[in-house]
Amino acid sequence: MTEPTAVQPTPVPPTGPTGPTGPTGPTGPTGPVDPVAVVRVVLADDQPLVRTALRMVMTDTPDLVVVGEAANGAEAVRLVEETGADVVVMDLRMPGTDGIEATRLVTAGPTGARVVVLTTFDDDDHVYGALHAGASGFLVKDMALDDILAAVRVVASGDALIAPGVTRRLIKEFTDRPRRPSTAPRRGTEGITDREREVLTLVGRGLSNTEVAAELHISIATAKTYVTRLLAKLDARDRVHLVIIAYEAGLVSAA
């Protein structure tokens with residue numbers, strides 16, 4: 001097994017007189033230009049071939065840089081602390097500390113790193129736990145590499161993402177299960193309006209903002225506004241968290 005390693009980050013291109021903005025420096029001849037925002041990534045997977053494939057494609061991507069590789073969850077947590085990574089691409093099934101526990105430790109840590117779970121379809125029993133642990137995305141390994149890279153960027157920007165179709169699959173599985181008795185109070189949604197409840201239900205079913213807008217005959221901008229309000233009112237960290245809240249509140253069904 002390949003020894004987990006920290007990888008020396010690629011330096012961000014300079015923005016002074018010799019930087020990418022030209023001879024006039026960061027403002028350039030056409031006004032202010034922001035430096036390239038580089039997303040620092042840790043790859044956590046016990047399969048060296050998976051890590052190698054992701055590292056190779058990220059090497060050719062100027063805004064993504066692999067700063068560490070781990071073969072288990074404990075190494076992933078350590079590398080995040082050492083490198084200040086922005087995103088961890090996390091497998092769920094790893095020896096020792098698994099991906100769920102590692103996700104919980106990473107998202108609870110002080111670095112602010114976000115986690116994208118990258119695993120196989122037969123991991124359904126673990127996905128809900130990973131999302132509860134704080135994962136901001138769930139992707140499957142047979143997705144195109146370009147789609148995986150795009151997802152890393154989305155999560156790094158502060159949004160959340162679940163592979164197309166996977167949300168509906170997960171909701172069906174969870175709603176097909178008998179609800180286990182719990183002494184914990186059901187998450188309340190009393191503070192939201194009827195329209196916001198409609199939006200939350202649709203988000204819980206896995207609809208995008210565009211699909212929510214079409215379903216409710218509103219503009220995409222208005223749909224985004226409702227989602228933003230829901231995030232604030234329900235103290236949700238991202239869209240994936242809203243899916244969990246909708247499920248726990250009983251707003252989604254298997255239909």
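## Strands S4, S5 and S6

Strand S4 (residues 87-90) lines up with S5 in the parallel sense, and 4 bridges hold the pairing. Within that pairing, methionine 90 sits opposite valine 117 of S5. To get from S4 to S5 the chain travels through H3, and this β-α-β crossover is right-handed. A word of caution before going on: this is a predicted model.

On to the next neighbour. S5 also pairs with strand S6 (residues 137-140), again in the parallel sense and over 4 bridges. Here threonine 119 stands opposite valine 140 in S6. As for S5 itself (residues 114-119), it is mostly covered, with 6 of its 6 residues buried. Both faces are shut off: Arg114, Val116 and Leu118 are buried on one side, and Val115, Val117 and Thr119 are buried on the other.

## The whole chain

Stepping back, the protein chain comes to 10 helices and 7 strands. Of its 255 residues, 45% are buried. Take the contacts with a separation of 6 or more: 67% of them are between residues 24 or more positions apart.

## S2, H1 and S3

Another parallel pairing involves strand S2 (residues 39-44) and S3, which are joined by 6 bridges. Valine 39 stands opposite leucine 64 in S3. With H1 added, S2 and S3 make a right-handed β-α-β unit.

S3 is mostly covered, since 7 of its 7 residues are buried. One residue to look at is valine 67, which has its place in S3. Is valine 67 buried or exposed? Its relative accessibility is 1%, so valine 67 counts as buried. Valine 67 and valine 42 are 25 residues apart along the chain, yet their C-alpha atoms are separated by 5.8 Å.

## A buried salt bridge

Side chains of opposite charge can pair when their charged atoms come close. The structure holds 11 salt bridges. One of them links arginine 51 to glutamate 69, with the closest N and O atoms 3.2 Å apart. This pair ties together distant parts of the chain: arginine 51 belongs to helix H1 (residues 48-59) and glutamate 69 to strand S3 (residues 64-70), and the two are 18 residues apart.

What is the relative accessible area of arginine 51? It comes to 1%, so arginine 51 is buried. Glutamate 69 has a relative accessible area of 7%, so it is buried too. The cut-off behind both calls is under 20% relative accessible area.

## Salt bridges within helices

Two further bridges sit inside helices. In H2 (residues 73-83), arginine 78 and glutamate 75 lie 3 residues apart, about one turn of the helix. Their side chains meet in a salt bridge, at 2.4 Å from N to O. Arginine 78 has 31% relative accessibility and therefore counts as partly exposed.

Over in H3 (residues 99-108), the side chains of glutamate 101 and arginine 104 meet in a salt bridge of 2.7 Å, N to O. What separates glutamate 101 and arginine 104 along the helix? They are 3 residues apart in H3, so about one helical turn lies between them. Glutamate 101, at 32% relative accessibility, counts as partly exposed, and so does arginine 104, at 39%. Elsewhere, salt bridges with shared partners bring Asp45, Asp91 and Lys141 together in one network.

## Helices H7, H8 and H9

Now for three later helices. Which residues of H7 (residues 194-204) are buried? They are Glu196, Val199, Leu200, Thr201, Leu202, Val203 and Gly204. Just after H7 comes glycine 206, which takes a positive phi of about 95°.

Helix H8 (residues 209-216) and helix H9 (residues 220-233) have axes that come within 8 Å and cross at roughly 110°. H8 and H9 are therefore roughly perpendicular to each other, because angles of 65 to 115 degrees count that way. On the H8 side of the meeting are Asn209, Thr210, Val212 and Ala213, and these meet Ile220, Ala223, Lys224 and Val227 from H9.

Technical notes
Residues numbered from 1 in each chain as written. Predicted model: local features only at pLDDT ≥ 70, side-chain atom pairs only at ≥ 80, totals over all residues. Heavy atoms only, no water. Salt bridge = Lys/Arg side-chain N within 4 Å of Asp/Glu carboxyl O. Buried < 20%, exposed > 50% of the residue type's maximum accessible area, 1.4 Å probe, protein only. Pairing = 2+ DSSP bridges. Right-handed = clockwise from strand over helix to strand, strands pointing away. Axes fitted to C-alpha atoms, helices over the stretch in contact; angles between N-to-C directions. Parallel < 35°, antiparallel > 145°, perpendicular 65-115°, else oblique. Contact = heavy atoms within 4.5 Å.
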